[in-house]
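The following exercises are to be worked with the sequence and the coordinates side by side. Each task is followed by a solution that proceeds in steps.

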Amino acid sequence: TIRIVSRGVIGCRRLWRVILARPLRLWQMVSHKIMRWFTAPVLLLLLVSTFGILRETRTPVQTAAMIAQLIFYAAAVVGGVLHMFGLGTRMVYVPCHFLALNVAALIGVLQGLFRGAPSVWQKPASARDEEPCVKS
């Protein structure tokens, strides 16, 4: 994801004048690509703002929103730990993967803006050493 997003950022930087000249393409780029890349900071802003609102006023809806967010992040941590040990079901992995992908997208944006994109994809060392998932 980091490589894909960083290359997308570089492509957007190179084609920015062409994209700006066509309003429909600009809308498509912003709504389908760029907004997706910034989900991680929006999630963090949502958590911080919900916490700030709860410090000022407490309504049942605000409290429920904070509890729901905390449950989601706790499920992400639990899902990540279970995934590391090969335990659990796919359902507990969903929050972990959602957060991991969005953090990777943010890293890709930063990398694309400041360092450029890697030109070659490399498998992680752990992927080469693992046994195949399906055994005969």
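**Exercise 1. The overall picture**

Among contacts in the protein between residues at least 6 apart in sequence, what percentage join residues at least 24 apart?

Solution. The model is a predicted one, in which local features need pLDDT of at least 70 and side-chain atom pairs count only at pLDDT 80 or more, while totals for chains, interfaces and linings use all residues. Residues are numbered from 1 along each chain as its sequence is written, and side-chain values use heavy atoms, with hydrogens and water left out.

Step 1: take contact to mean heavy atoms within 4.5 Å; of the contacts between residues at least 6 apart in sequence, 57% join residues at least 24 apart.

Step 2: assign the secondary structure, where helices (H or I, at least four residues) and strands (E, at least two) are DSSP runs numbered from the N terminus. The protein has 7 helices and 0 strands, which gives the pattern α-α-α-α-α-α-α along the sequence.

Step 3: count as buried any residue under 20% relative accessible area, as exposed any over 50%, and as partly exposed those in between, using a 1.4 Å probe and protein chains only. Buried residues then make up 21% of the 136 residues.

**Exercise 2. Packing against helix H6**

Describe how H5, H1 and H4 are each placed relative to H6.

Solution. Two packed helices are described by the angle between their axes and the distance between the axes. The axes are lines fitted to C-alpha atoms, for helices over the stretch in contact, and the angles run from 0 to 180 degrees between N-to-C directions.

Step 1: helix H5 (residues 60–84) packs on helix H6 (residues 90–114) at an angle of about 100 degrees, the axes being 7 Å apart. H5 is therefore roughly perpendicular to H6, given that angles under 35 degrees count as roughly parallel, over 145 as roughly antiparallel, 65 to 115 as roughly perpendicular and the rest as oblique. Residues making this contact include Phe 72, Tyr 73 and Gly 79 of H5 and Val 92, Pro 95 and Phe 98 of H6. By class, the contact of H5 with H6 has 11 nonpolar, 4 polar and no charged residues, where Ala, Val, Leu, Ile, Met, Phe, Trp, Tyr, Cys and Pro count as nonpolar, Asp, Glu, Lys and Arg as charged, and the others, Gly among them, as polar.

Step 2: helix H1 (residues 2–14) and H6 have axes that come within 7 Å and cross at roughly 45 degrees, so the two are oblique to each other. On the H1 side the contact involves, among others, Ile 2, Val 5 and Arg 13, and on the H6 side Ala 104, Ile 107 and Leu 113 are among the partners. This contact of H1 with H6 divides into 9 nonpolar, 4 polar and 1 charged.

Step 3: for helix H4 (residues 39–56) and H6, the axes come within 7 Å and cross at roughly 115 degrees. Thr 39, Ala 40, Pro 41 and Leu 43 in H4 meet Phe 98, Leu 99, Asn 102, Val 103 and Leu 106 in H6, and the residues of this contact divide into 7 nonpolar, 2 polar and no charged.

**Exercise 3. The surroundings of Thr 50**

Is Thr 50 buried or exposed, and with which side chain does the side chain of Thr 50 make a polar contact?

Solution. Step 1: Thr 50 is found in helix H4 and counts as buried because its relative accessibility is 9%.

Step 2: a polar contact is a pair of N or O atoms within 3.5 Å; within protein, one must be able to donate a hydrogen and the other to accept it, and residues adjacent in sequence count only if both atoms are side-chain atoms. The side chain of Thr 50 makes such a contact with the side chain of Gln 69, at 2.9 Å.

Step 3: leaving aside neighbours within four places in sequence, Thr 50 is in contact with Gln 62, Ala 65, Met 66 and Gln 69.
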